[in-house]
Amino acid sequence: ALPISAKDKGVASPIAVEVPRQCDIKIGSEGVPLFETHADGKAIGITQPLLSRTYSPSFVFSKCHYQTNVPQDPFAVQLLNTEQFPHFARLWTRGYDVYTPAFNLVYKDNSDLHPLHHIAGHGETGEKKWPRNDNERRDAHVRMKVMLNIHHGITNSEISSMTAGGSGGGGGRMITARANLGIYGLGRRRTLDQLLQFASIALPDSEFRGQYGNEGKGCANLNWVSYDKSISPRAN
């Protein structure tokens, strides 16, 4: 049976297993792509993992070398949903792919029991919470935009702060800032433009002009994008 998206019309599979699946990708107010918080689609009747274009670093199963080749960015703080697509961009350009499983064995309760951030760093009953820091949050947003080559909403001084005093025009500083991300930046096995085409989205200052999010359509049967295995996944 062919896998189908919940938003695609067609004949249902004779296999009754349905697996929640994220499809929609939207462009956030900061210009960074965002995944839906909850699954907005489903895979029906698949008998093997189905290639996906969405990802949650808080609930993922993989081989251990994925964590060493694409480690969490310690400077991407104060971000929740905004950090997910940039992390996906890093792993995808380094040759890793994401799949929806044929069936789920483990689930995660993603309920918001209380606000994550609190000005004082503690809740009403004294429980410890992550203290809000707007400066850290702004720096993290700039970092994500630099990695994805998004010029929207970034000042020259913010770009310069990531170039270790490097000189040159605005475009040159952006290139230097991206290079300075090192292992926390994009890889070389696949390009950013290939990723945008795979995800069917467009970003400011990108040569690719696709549809924004496409409302989940087209995520049912994605085409795998090949890469040069001679290039190390740690190459920047």
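Begin by selecting Cys64: with a relative accessibility of 66%, this residue counts as exposed, because the exposed class starts over 50%. The model on screen is a predicted one, and every stop on this tour should be read accordingly.

**The disulfide**

Next, select Cys23 and Cys219 and display their sulfur atoms. A disulfide joins these two residues, with an S to S distance of 2.1 Å. The count of disulfides in the model comes to one. Viewed along the bond, the link of Cys23 and Cys219 is right-handed, with 40° about S-S. The two partners come from distant parts of the chain, 196 residues apart: Cys23 lies in the loop between strand 1 (18-21) and strand 2 (25-27), and Cys219 lies in the segment after helix 6 (192-199). Both Cys23 and Cys219 are buried, whereas Cys64, the starting point, is exposed.

**Helix 3 and its two ends**

Move now to helix 3, residues 134-147. Start just ahead of the helix by selecting Asn133, which caps the N-terminal end: one of its side-chain oxygens lies 3.1 Å from the backbone nitrogen of Asn135. Then select the end C-alpha atoms of the helix. They are 20 Å apart, which agrees with the 20 Å that 14 residues should span at 1.5 Å a residue.

Colour Ala140, His141, Val142, Arg143, Met144, Lys145, Val146 and Met147 together; these residues of helix 3 are buried.

Continue past the helix to Asn149, which follows helix 3 and sits in the loop leading to helix 4 (156-160). Its phi is positive, at about 60°, although Asn149 is not a glycine. Most residues other than glycine have a negative phi. At 21% relative accessibility, Asn149 counts as partly exposed.

**A second positive phi**

Select Ser200, in the segment after helix 6. Ser200 is not a glycine, yet its phi is positive, at about 60°. Its relative accessibility is 24%, so Ser200 counts as partly exposed: the value falls between the buried limit of under 20% and the exposed limit of over 50%.

**The nonpolar patch**

For the last stop, display the surface and select Val17, Phe59, Phe61, Phe103, Leu105 and Val106. Together they make a nonpolar surface patch of about 650 Å². Within this patch, centre the view on Leu105, which belongs to the loop between strand 6 (98-100) and strand 7 (117-118). How exposed is Leu105? Its relative accessible area is 74%, so Leu105 counts as exposed.

Terms used: Residues numbered from 1 in each chain as written. Predicted model: local features only at pLDDT ≥ 70, side-chain atom pairs only at ≥ 80, totals over all residues. Heavy atoms only, no water. Patch = residues over 30% accessible without salt bridge, like charges linked within 9 Å, V, L, I, M, F, W, Y side chains within 5 Å. Areas by Shrake-Rupley, 256 points an atom, 1.4 Å probe, with all protein chains shown as cover. Salt bridge = Lys/Arg side-chain N within 4 Å of Asp/Glu carboxyl O. Helix = DSSP H or I, 4+ residues; strand = E, 2+ residues; numbered from the N terminus. Buried < 20%, exposed > 50% of the residue type's maximum accessible area, 1.4 Å probe, protein only. Disulfide = S-S within 2.5 Å. Expected span 1.5 Å × (residues − 1). Polar contact = N/O pair within 3.5 Å; in protein donor to acceptor, adjacent residues only side chain to side chain.
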